[in-house]
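Me: Could you walk me through reading charge and burial in a model? I would like the general idea and then the case at hand.

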Amino acid sequence: MKVTEPTGTGPPPAPPPPPPLVSTAAPTLTVGNGQRREFSSREEVRAVCRQLRTIRESFQYNDEVWLSYYQHARASLQDGPQCGLVALSMASQLLCDSPVDKEELYEEAKAQGFTIQGEMFSVSAMEWLADCCLGCRATTTCSASQKFDAVVKHLKEGGVLLVPYDADFNHEPCCKKGHKAHWAVVTGVLIITSQSDLHLHNHFSRDVQEPHLYHYKSSTLPCRCPPIPYRPHDAVFVYAKQGKSRYLHLWPLETLLRSNANLTEVDPDRANDVENYVLPPEGLKEGLCNKLLMLSTK
């Protein structure tokens, strides 16, 4: 069929968006009769690791093995500025016998004066909600010098992490002084080490499709295997979800911690909007900056 081109001149077409950082493929698969089902835990991991492989193979890191510890939580989308409450609700899937709905968390946070629309600009308020509504162990860590190793240890032991960070246009961590403050739930860690260090093979099973990838065998954490050597600055990634996407993300841990450490200012458009937001009286730096919430079962 012949298509008639429109006459006249108009604005040039918008350029295509830049490719995403390591994130994921579609969170569902097509199965028989055209029906769809959610990714399994290993399929989610495999999807993000395929993108990571493309990146790292371009630098010829062919002697690597990737040791994966991951706990699957179903994605949940936010309605309005509820990213912290949605992250906490997703965490409850792994920490509670009965998951806690985001609306229940919102009602309790509003009753306590923590929020108006669902916004949560205080790690201490999130800690209170985790203890009260989830009944889990909640600990805020503030030590920047010890944070990296503490996060890896916590995730390997089956813990869950709630992290405030600056979100870029594609939800990846960035540094915008806190103007794009957002929350993510972190439920696993991927440690890259060399083939020569794979002396822990009894604890991991090789993925059936991705040759670099090994999954921790136990269906439940904590991990009982010996410590694994890694190069902190380029070889540790975390699995994360956040309330604006159903996709699993895989981010360098160092990048996420750097974003967390830059939360120093409230977005100027919100700074004086006290009718619609509960802002920390001591400022965003005291409420979120350099603070992570570590959650585990009691």
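What follows is a short tutorial on this structure.

Reply: Happy to! Keep in mind that this is a predicted model. As a frame, the protein chain has 8 helices and 12 strands, and buried residues make up 49% of its 298 residues.

Me: How much surface does the protein chain expose, and what share do carbon and sulfur atoms supply?

Reply: The protein chain exposes about 15100 Å², with 51% of that supplied by carbon and sulfur atoms.

Me: Which residues gather in a patch of negative charge on the surface?

Reply: Here the idea is to look for accessible like charges without a salt bridge, joined within 9 Å. In this structure Asp79, Asp101, Glu103, Glu104 and Glu107 form such a negative patch on the surface.

Me: Is Glu104 buried, partly exposed or exposed?

Reply: Buried means under 20% relative accessible area and exposed means over 50%, with partly exposed in between. Glu104 has 46% relative accessibility, so Glu104 counts as partly exposed. Glu104 sits in helix H3, which spans residues 102-111. Glu103 lies in helix H3 too, and Glu103 is partly exposed at 37%. From Glu103 to Ser89 the C-alpha distance is 9.1 Å, with their positions 14 residues apart in sequence.

Me: Where is Glu210 found, and what does Glu210 touch?

Reply: Glu210 is in the loop between strand E8 (204-206) and strand E9 (213-216). Its relative accessible area is 2%, so Glu210 is buried. Leaving aside residues up to four places away in sequence, Glu210 touches Arg46, Cys49, Arg50 and Arg53.

Note on methods:
Residues are numbered from 1 along each chain as its sequence is written. This is a predicted model: local features need pLDDT of at least 70, side-chain atom pairs count only at pLDDT 80 or more; totals for chains, interfaces and linings use all residues. Side-chain values use heavy atoms; hydrogens and water are left out. Patches are made of residues with over 30% relative accessible area and no salt bridge: like charges are joined within 9 Å, nonpolar side chains (Val, Leu, Ile, Met, Phe, Trp, Tyr) within 5 Å. Accessible areas come from the Shrake-Rupley method with a 1.4 Å probe; for residues, only the protein chains shown count as cover. A salt bridge is a side-chain nitrogen of Lys or Arg within 4 Å of a carboxyl oxygen of Asp or Glu. Lys and Arg count as positive and Asp and Glu as negative; His and the chain ends are not counted. The place of a charge is taken as NZ of Lys, CZ of Arg, CG of Asp or CD of Glu. Helices (H or I, at least four residues) and strands (E, at least two) are DSSP runs, numbered from the N terminus. Buried means under 20% relative accessible area, exposed over 50%, partly exposed in between (1.4 Å probe, protein chains only). Contact means heavy atoms within 4.5 Å.
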